[in-house]
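Trainee: Got a minute? I'd like to go through this one with you before I head back to the bench.
Mentor: Sure, put it up.

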Amino acid sequence: MSVSKALKPTQAALAKVPEVTLGFWIIKIAATTLGETGGDAVSMSMNLGYLLSTGIFAAIFLALVMAQIKAKAFHPLLYWTTIIATTTVGTTLADFADRSLGIGYAGGSTLLLILLLGSLIVWHRTLGSISVSTVSTPKAEAFYWVTIMFSQTLGTALGDWTADSAGLGYTGAAIVFGGLLALIVMAYYWTNVSRTVLFWAAFILTRPLGAVVGDFLDKPLNAGGMALSRYSASAALVGFILVSVLLVRQKAASTAH
């Protein structure tokens, strides 16, 4: 789905995020799944813990955001590498809040939802729009990446909450979030609901979907997972994303639909 708002000709050349197409969503779901397996590989398999892992991924995330903001045009590899960085830091940050701080999945999800909504509200009040097609200035990009980071972290907490606390398991949770995404697709084609609202709803929901799929791949058999190596699962996802980015034609979001 596309959620663009017309830009002036001088702005169109500066748009630094991709047009939202089916290819975008396929890569996004793969990236969120990688965020779960990759984040768990560093925090759990490497035994670095949630706090140190969050610090490492946060530093990588900030460096990539700075590179993205300094870039003069949309670069698919840079953009998707930054997205992956938001999913990994989101995974370890959510796990740190939920488990190490002891506020639980419900508390973590509530806190992160407040932060996400606050980011969207401040962004809209400051710049007048939260449409991806307006992400063409450093200030808009900063809001965009902060909002994405909060959404990825919230998605991790929601995925864990649904699969674990709600007792649906990884398969059940995947069906729930897949169903909600299907409803958003139907709303896109058959209603007049704001395309910007639908975009952010879908963007948020793809994260818990990826989180539970990632957990399904690498969690033990007795926990409902497939017990695959986090390293091999992450490597396979990296390969899939790289091939997709290279083969799927992407262009910067700039036109209204």
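Trainee: Among contacts between residues at least 6 apart in sequence, what share join residues at least 24 apart?
Mentor: That share is 77%. Keep in mind that this is a predicted model.

Trainee: OK. How many helices and strands does the protein have?
Mentor: There are 9 helices and 0 strands, so reading along the sequence you just get α-α-α-α-α-α-α-α-α. Its radius of gyration is 17 Å, close to the 18 Å from the globule rule for 257 residues, so the protein is as compact as a globular protein of that length.

Trainee: And what does the C-alpha trace span along the principal axes?
Mentor: About 55 × 40 × 35 Å.

Trainee: Switching to the surface: how much area does the protein expose?
Mentor: About 11300 Å², with carbon and sulfur atoms supplying 73% of that. As for burial, 52% of the 257 residues are buried.

Trainee: What about charges, how many positive and negative side chains are there?
Mentor: The protein has 15 positive and 10 negative ones, and the centres of the two sets sit 17 Å apart.

Trainee: One residue caught my eye. Where is K28?
Mentor: K28 is in helix α2, which covers residues 22-45.

Trainee: Is K28 buried or exposed?
Mentor: K28 is buried, yet has no salt bridge.

Trainee: Which side chain of opposite charge is nearest to K28?
Mentor: E36, and that one is 11 Å away. A salt bridge here needs the nitrogen within 4 Å of a carboxyl oxygen.

Trainee: Then what does K28 touch, leaving out residues up to four places away in sequence?
Mentor: K28 touches W80, Q152, F203, T206 and R207.

Key
Residues numbered from 1 in each chain as written. Predicted model: local features only at pLDDT ≥ 70, side-chain atom pairs only at ≥ 80, totals over all residues. Heavy atoms only, no water. Helix = DSSP H or I, 4+ residues; strand = E, 2+ residues; numbered from the N terminus. Rg over C-alpha atoms; globule rule 2.2 N^0.38 Å. Buried < 20%, exposed > 50% of the residue type's maximum accessible area, 1.4 Å probe, protein only. Contact = heavy atoms within 4.5 Å. Areas by Shrake-Rupley, 256 points an atom, 1.4 Å probe, with all protein chains shown as cover. Lys, Arg positive; Asp, Glu negative; His and termini not counted. Charge placed at Lys NZ, Arg CZ, Asp CG, Glu CD.
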